[in-house]
Amino acid sequence: MSMKASAFAFVLLLSCSAAREVTAQVRLPRLVSDGMVLQRDADVNVWGWAKPGEAVTVAFLGKTYKANTGADGQWRVKLPRLKAGGPYEMNVKGSNQLTVKNILVGDVWLCSGQSNMETPMSRLTDKYPEVIAKAANPQIRQYEVPLTYNLQRPQQDVTGGKWIAADPQTVLKFSGVAYFFAKEINAKYQVPVGIIKDAVGGSPAEAWLSADALKQFPTVEQQAAKYRDSAMVAGIRQRESAAVSDWYKQLYQADQGEARGQVKWSAPAYDASSWATMQVPGYWANATPLGPVNGVVWFRKEVDVPAKLAGQPARLELGTLVDADSTYINGQLVGSTGYQYPPRKYEVKAGVLKPGKNVVVVRLISNTGRGGFTPEKKYELTAGGQTIDLRGPWQYKLGATMPPTPGTTSFQFTPGGLFNGMIAPVLPYAIKGVLWYQGESNTGRPQEYQALMTGLIADWRQLFGQPKLPFLYVQLANFMAAKPEPGESGWAGVRDAQRRTLAVPNTGMAVITDAGEWNDIHPLDKQTPGHRLALAAQKVAYGDSKIVSSGPLYQGMQVTGKQVALKFSDVGGGLTAKGGGPLKGFAVAGPDKKFVWAQAKIEGNKVVVWNDQVPNPTVVRYAWADNPEGANLYNKEGLPASPFTTEPALSPATGRL
């Protein structure tokens with residue numbers, strides 16, 4: 001049996017209960033539906049369910065394909081290699097007849113990972129207004145797989161979703177990274193591009209592995225085994241939900257700002273003259289005597305609005321807030337967000353703003369003890385083309401003190417759970433390759449990441465029946481505050497594991513340590529990773545051997561006295577220090593592993609590093625930090641060098657290099 005047939009057999013045997021659930025009606029999986037994009041130049045499966053023993057025919061492009069439903073109620077046909085084109089129709093006939101309309105043939109990319117792959121264009125409207133306005137392109141389509149997990153077994157079908165073509169409205173639902181990638185591939189190769197958006201925010205890599213692949217990781221597999229008892233899971237979920245609900249109930253009852261029988265603190269008439277002040281942005285743990293308190297803190301700011309702006313619609317931007325907020329203007333609720341990450345961009349209806357004094361009130365709930373207003377974000381009120389800066393002193397008062405929010409179990413992140421719910425149902429669908437943007441949730445255990453990713457790539461290749469399936473991924477962006485001295489970093493550890501995973505054939509990596517935001521785990525620049533993934537695709541998936549698809553990649557080192565010469569591949573037109581000036585971001589250590597910043601210079605296609613205080617250098621690191629600010633080694637094509645260490649890979653057993 002071929003690998004492709006073996007993979008399909010895996011899918012057909014996902015659930016022993018399938019035969020009991022089928023009806024006499026021919027039924028198609030949700031992916032095989034109006035507007036779909038089929039993979040060109042590949043064996044394409046069309047499959048579904050019907051009455052056991054029923055004859056099914058599929059008519060497409062003037063040919064008819066026949067299948068008989070098995071005892072399990074499932075059938076499939078295989079279409080021969082198709083050429084790019086469309087739109088076409090497909091007719092499926094058994095005891096009933098189905099017509100699938102508006103089908104295109106082109107390239108299909110499975111786009112998976114966590115929140116930075118999931119982030120939709122709707123979050124990027126301020127950054128890319130012209131891109132969105134010009135997004136009308138029926139040749140770029142997306143199918144979004146809904147969040148679904150299963151802790152017991154792989155699922156046969158996705159739980160919802162539909163194919164949508166890009167236009168200025170629908171593109172808002174597209175993955176930002178995937179859309180920029182698809183836009184570039186479509187323009188380059190003039191073929192339709194289908195995106196299967198199959199990503200879940202916060203998900204660790206192990207959640208996307210099949211049960212067979214998890215056997216390579218006994219510790220991780222044990223976590224999955226713990227939650228296979230559905231009754232136990234239901235009990236845990238119920239208890240945790242009740243505990244969280246009770247926490248919020250107690251918080252509301254204890255919150256002085258919401259106390260009955262008094263003027264609410266959100267009301268413009270409330271007298272806050274006795275409140276203390278805090279500089280915004282900032283966190284109250286280190287900016288006020290409150291310290292690391294959990295609970296609710298109220299903030300108020302009086303804003304003078306010119307008469308000509310009064311009554312006009314407005315927008316209130318409050319950066320990102322930690323953790324959950326309810327925000328009012330003149331006593332009217334203008335927006336609320338339940339967790340810290342989404343940018344607060346609240347639309348204020350006409351008539352809310354008044355001439356003269358207006359009161360902005362933020363009721364801010366902290367679950368972590370480090371609540372507040374994220375630095376270096378926008379805090380402003382805009383109306384009538386005029387912007388009012390909201391940074392500076394705000395009044396504040398503690399509404400209630402609470403213990404930390406009760407913890408909850410993220411069952412969707414259980415090893416194998418997302419594979420079962422969101423990858424297994426997609427496996428029969430022919431694809432061109434995989435785009436992957438994930439790793440943030442594995443930075444606490446970087447020593448495992450290379451093995452996890454190597455296992456995941458092999459797992460998906462086997463189950464898709466494509467041993468050379470292109471697998472392209474984004475290296476983690478720069479994040480968190482830059483540190484003045486060299487040190488250890490889980491983010492750097494994952495980046496290095498990602499770099500080493502390039503040893504797997506037919507993989508490519510987009511380095512984006514110059515495209516992140518120190519104060520946001522979800523950087524708005526999704527065009528850079530999309531573009532660099534497209535470069536990798538041109539080389540790995542489309543066979544363009546001449547393209548420079550990557551920045552410099554560390555290959556080896558040679559020590560001569562106090563100096564270390566570093567060798568690189570992917571130098572393109574040559575190495576360069578971006579922006580001119582000296583190379584930055586290199587650190588060196590001797591046998592004691594005490595790293596200090598190194599001087600560095602380019603010599604041809606090598607970089608020579610040294611520090612006179614390290615007479616016997618043994619290890620060099622580059623851009624080894626959560627946020628490697630200032631690291632500036634690039635090739636002349638403008639692509640950044642990957643962070644690296646010359647040390648051996650992290651040991652999964654010890655977590656040490």
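In this predicted model, the charged end of Lys432 is placed over the ring of Tyr542, at 4.6 Å from the ring centre. A second arrangement of this kind involves Arg370, whose charged end sits over the ring of Tyr283 at 4.1 Å from its centre.

Aromatic rings also meet one another, and a search of the whole structure finds 30 aromatic pairs. One of these is formed by Phe586 and Tyr622, whose ring centres lie 4.6 Å apart and whose planes make an angle of 40°, so that the pair counts as tilted, given that stacked pairs have planes under 30 degrees apart and edge-to-face pairs over 60. Phe586 belongs to strand β30 (residues 586-589), while Tyr622 belongs to strand β34 (residues 619-622), and the pair therefore ties together parts that are 36 residues apart in sequence. Phe586 has a relative accessibility of 1% and so counts as buried; Tyr622, with a relative accessibility of 1%, is likewise counted as buried. Elsewhere, aromatic residues form a cluster, made up of Trp284, Phe299, Phe373, Tyr379, Trp394 and Tyr396.

A polar residue offers another place to look. Asn420 is found in helix α10, which covers residues 417-423, and because its relative accessibility is 9%, below the 20% under which a residue is called buried, Asn420 counts as buried. When residues up to four places away in sequence are left aside, Asn420 touches Asn150, Leu151, Gln152, Arg153, Pro154 and Gln155, and also Pro425.

How values were computed
Residues are numbered from 1 along each chain as its sequence is written. This is a predicted model: local features need pLDDT of at least 70, side-chain atom pairs count only at pLDDT 80 or more; totals for chains, interfaces and linings use all residues. Side-chain values use heavy atoms; hydrogens and water are left out. Rings of Phe, Tyr and Trp (its six-membered ring) pair if their centres lie within 6.5 Å; planes under 30 degrees apart count as stacked, over 60 as edge-to-face and the rest as tilted. Helices (H or I, at least four residues) and strands (E, at least two) are DSSP runs, numbered from the N terminus. Buried means under 20% relative accessible area, exposed over 50%, partly exposed in between (1.4 Å probe, protein chains only). A charge sits over a ring if NZ of Lys or CZ of Arg is within 6 Å of the ring centre and within 35 degrees of the ring normal. Contact means heavy atoms within 4.5 Å.
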